[in-house]
Every structure is written in C-alpha cells, then in structure tokens.
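Let's take a walk through a protein model together, moving from charged pairs to the spaces they sit beside. Keep the structure open as you read.

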Amino acid sequence: MRRCIDLAKNGLEKTYPNPMVGCVIVHNNKIISEGWHRKAGEPHAEVNAIQNLKDDSLIKDSTVYVSLEPCSHFGKTPPCADLIIEKGFKKVMIGMTDPFAKVKGRGIKKLLDNGCQVVVGICEDECYELNKRFITFHEKHRPYIILKWAESQDGYLSPLAFGKDNKKEPVWLTNNYSKQLVHQWRAQEQAILVGTNTALMDNPELTARLYKGNNPTRILIDKDLKVPKASKIFSSHANTLVFTQKSSFTSTENIEYVDIDFNENIVPQILKELHKRDIQSLIVEGGRQTLQSFIDSKLWDEARVFKAEVNFNKGTKSPDFQGKLIKSDKIIDDELKNYNR
C-alpha cells in the first residue's frame with residue numbers, strides 16, 4: 001500500500017479536481033504491475049496498472065492494491081470497479097473509502113456483490129494525508145486551508161521602521177531557498193489569498209514564477225477596491241478573484257469581482273464561494289488581520305511558519321494561534337515549522 005501512496009504522489013498538481021491514486025497488482029507477494037492517476041480526465045490508477053500488466057493469465061491469482069476505493073460511476077472515464085470485476089480479480093485491498101458522494105462505499109459494495117474479497121483501511125492515515133485536500137473539500141464543503149507566514153525570532157511579521165515618504169517598505173525575512181519552496185507550494189495548491197494591506201504594501205504577484213508549475217488562482221479581499229489596477233496581483237499571468245462590497249464593478253478576462261457582506265464574518269462567505277468553484281486548496285499568505293480572521297474562525301487546517309534569524313523588537317505582531325507542531329526543518333538559516341490545527 002505504501003508503494004501505491006508513493007506512486008500516487010506523482011499526480012500532485014495534475015489531478016485536480018480528482019484525488020491522487022496509486023495502484024499495484026501483486027502475484028505471489030511480488031509486484032507485477034503498477035500505475036497511478038496521471039492527470040484529470042485521463043485513465044485512473046487501476047486502469048493504468050491493468051494496462052501495464054504483461055501476463056493476463058496471472059490475474060485470477062493476483063491481488064489489486066489501491067490507495068482509494070475504486071470508482072463505481074461513469075465520469076470522464078468508465079468505473080474502475082467494473083474493470084476489476086470484468087478482468088476477473090478476486091481480491092482487492094483498499095487504503096480508504098472515497099468520500100465523494102457518487103462513490104462513497106458503492107465501489108466496495110459492487111466488488112463484494114460480484115464475489116471479490118475486499119479489505120479496507122490499510123495504511124488509512126497515510127492515505128488520508130495523501131488526499132487531505134480532496135477529502136476536506138468533500139467532507140467539510142470547503143478548501144483545505146494552509147496558513148503561511150514568515151516571522152522574526154521575537155515574533156513580528158515586519159518591523160516598525162518606515163522608509164521614504166513615511167511609507168512602510170516590504171521586508172523580506174526568508175532566504176532564496178525558502179522563497180523557491182514557497183513558489184513550489186503555490187504550484188501545488190489551487191488558490192492563494194491576501195488582504196488589502198498586503199496587496200498595497202508588498203505589491204505581490206502571487207505566482208509560481210520561481211518554480212516550474214501552474215499558477216494558483218489569486219484571491220484578494222478588497223472591500224472598497226483600494227488596490228490599483230496596475231498592481232501585480234492583477235497581471236495576466238493568472239486569474240484573480242476579488243471579494244468586495246462594490247458588486248457593480250465590471251469583471252474582465254482574468255479578473256472577477258464577487259460581492260460579499262462585510263458586516264458579517266467574511267471567511268465562511270469566501271470559502272463557500274471557493275467551494276462552488278471547485279477550489280480544493282487555499283494558501284492564506286496574509287497579512288496579520290487576514291490570517292487572524294481565519295484562525296479566529298477556526299477555519300484552517302495547517303500552518304507553515306518560517307522563523308528568520310532576525311529580531312525586530314517592535315512592529316506588526318505575528319498571528320495568535322494554537323496548533324500541534326508536526327515537524328521542524330532547517331532551510332539554511334531559516335527554520336520552517338509545520339503545525340496542524
């Protein structure tokens with residue numbers, strides 16, 4: 001099953017809105033074929049593993065291992081459960097049940113009804129971690145949310161000092177290796193969000209330009225449309241979704257305006273809209289007020305916090321939050337801490 005999981009990871013960035021899935025076929029305790037879901041709309045892992053099998057005569061004595069329940073419905077491809085039954089496999093080992101409403105136990109039931117021996121729940125926690133975005137989207141009806149920020153050793157996002165014209169200048173805390181890692185994350189997730197102040201002060205482009213991959217959809221919270229149209233966040237390199245109270249503003253080819261009620265908690269409203277648009281994962285990059293609004297709403301799953309080797313003494317404080325530290329890594333002189341809620 002762990003081989004299935006390793007294979008499935010090859011589909012990261014490519015399978016949205018589908019899950020990442022790996023499959024191996026085992027005969028006499030030896031893997032004789034394997035496959036994974038390479039891209040949305042293309043054959044699923046089970047199909048690729050079966051197509052890669054060189055000797056069909058081994059099927060009746062072979063076992064299928066798959067990290068997620070085989071599908072049982074017609075989508076862009078035929079049901080994988082049907083193919084397993086048609087080929088004559090008698091034993092199927094499944095990592096976890098598919099939370100998608102059109103599958104959710106139906107694939108397992110179909111296999112059982114057709115005489116297959118089925119075992120479910122192998123390396124289940126690892127299979128869940130593999131598809132935490134897909135699972136969160138279908139079970140909680142919102143994207144998987146990653147909070148990300150960089151802070152000084154003494155817990156500040158930025159210093160108090162001001163630059164020319166009494167205007168606060170952007171301060172880069174992390175090294176170039178950390179920046180490249182952040183761009184890799186952007187390519188792996190479907191959307192990235194900032195608030196008005198961050199867009200005005202930092203003028204971020206929010207693309208994956210330092211890493212070869214897809215650019216995420218950019219999300220901007222801009223109640224009164226203060227961010228100038230010439231800002232990098234509106235560049236043609238990616239689409240931008242603006243949450244505002246000025247619903248009369250006209251959308252363009254890559255910029256769309258969505259009206260929300262700023263007298264109410266805006267976080268659930270934003271997440272509801274992103275769910276409607278099939279966005280399964282979201283990075284929240286800041287600033288402090290925006291990050292804190294997600295934390296206070298208890299609507300986050302993971303926090304990735306860079307600690308830089310600098311002290312500011314005064315400035316903009318880091319968000320207040322409590323999380324379970326999962327791991328800590330050194331990236332040259334930066335420290336990266338990962339937390340789960």
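Which residue forms a salt bridge with R142? Rotate the model, which is a predicted one, until you find D301: this is the partner of R142, and the closest N and O atoms of the two are 2.8 Å apart. Now look at where the two residues sit. D301 is in the loop between α10 and β13, while R142 is in the loop between α6 and β6, so the pair ties together parts that are 159 residues apart in sequence. And are these two charged residues buried or exposed? D301 has a relative accessible area of 11%, so it counts as buried, the cut-off being under 20%. R142 comes in at 6%, so it is buried too.

That pair has company, since the structure holds 18 salt bridges. Let's visit another one. The side chains of K132 and E302 meet in a salt bridge, with 3.2 Å from N to O. K132 belongs to helix α6 and E302 to strand β13, so this pair ties together parts that are 170 residues apart in sequence. Both K132 and E302 are buried. They're also part of something bigger than a pair: E129, K132, E302 and R304 are linked in a network of salt bridges.

Stay in that area, because pockets come next, and some of these names come back.

What lies nearest the centre of the second largest pocket? The answer is E129, K132, R133, R304 and K327, out of 24 residues that line this pocket. Notice that E129, K132 and R304 also belong to the salt-bridge network you just met. Several elements give two or more residues to the lining: α1 (2-8), α5 (124-130), α6, α7, β13 (302-307), β15 (324-331) and β16 (334-340). The space inside is about 700 Å³. If you sort the lining by class, you get 9 nonpolar, 4 polar and 11 charged residues.

Now swing over to the largest pocket, which holds about 1300 Å³ of space. Its lining is made by 47 residues, and those nearest the centre are T198, D202, E285, G286 and G287. Which elements give two or more residues here? They are β6 (144-151), β7 (156-159), α7 (176-188), β8 (191-195), α8 (196-202), β12 (281-286) and α10 (288-296). Helix α8 gives the most, with 6 residues. By class, the lining has 18 nonpolar, 15 polar and 14 charged residues.

Pick out E285 from that central group, for it leads to one more salt bridge. The side chains of E285 and K148 meet at 3.8 Å, N to O. E285 lies in strand β12 and K148 in strand β6, so the pair ties together parts that are 137 residues apart in sequence. Like the other two pairs on this tour, E285 and K148 are both buried.

Next, trace α10, one of the elements that line the largest pocket. Its buried residues are T290, L291, Q292, F294 and I295. What do they pack against? You'll find β6, β8, β9 (217-221), α9 (266-276) and β12 around them. Just after α10, look for K298, which takes a positive phi of about 55 degrees.

Loops can hold buried residues as well, and T207 is a nice one to check. T207 is found in the loop between α8 and β9. Its relative accessibility is 2%, so T207 counts as buried. Who are its contacts, once you set aside neighbours within four places in sequence? They are H183, R186, N215, R218 and H237.

Finally, let's look for closed-off space. How many cavities of 30 Å³ or more are there? The count comes to 1, and about 80 Å³ of space lies in it. This cavity has 14 lining residues, and the closest to its centre are T15, Y16, M20, N131 and R133. R133 may look familiar, as it is also among the residues nearest the centre of the second largest pocket. Helix α6 (residues 132-140) gives the most to the cavity lining, with 3 residues. By class, the lining divides into 6 nonpolar, 5 polar and 3 charged residues.

How values were computed: Residues are numbered from 1 along each chain as its sequence is written. This is a predicted model: local features need pLDDT of at least 70, side-chain atom pairs count only at pLDDT 80 or more; totals for chains, interfaces and linings use all residues. Side-chain values use heavy atoms; hydrogens and water are left out. On a 1 Å grid over the protein atoms alone, a cavity is a set of points where a 1.4 Å probe fits but cannot get out, and a pocket is an open set with protein on both sides within 12 Å along at least five of seven lines; lining residues have an atom within 4 Å of a point. Grid points are joined across faces, edges and corners, and a volume is the space filled by probe spheres set on the points. Helices (H or I, at least four residues) and strands (E, at least two) are DSSP runs, numbered from the N terminus. Ala, Val, Leu, Ile, Met, Phe, Trp, Tyr, Cys and Pro count as nonpolar, Asp, Glu, Lys and Arg as charged, and the others, Gly among them, as polar. Buried means under 20% relative accessible area, exposed over 50%, partly exposed in between (1.4 Å probe, protein chains only). Contact means heavy atoms within 4.5 Å. A salt bridge is a side-chain nitrogen of Lys or Arg within 4 Å of a carboxyl oxygen of Asp or Glu.
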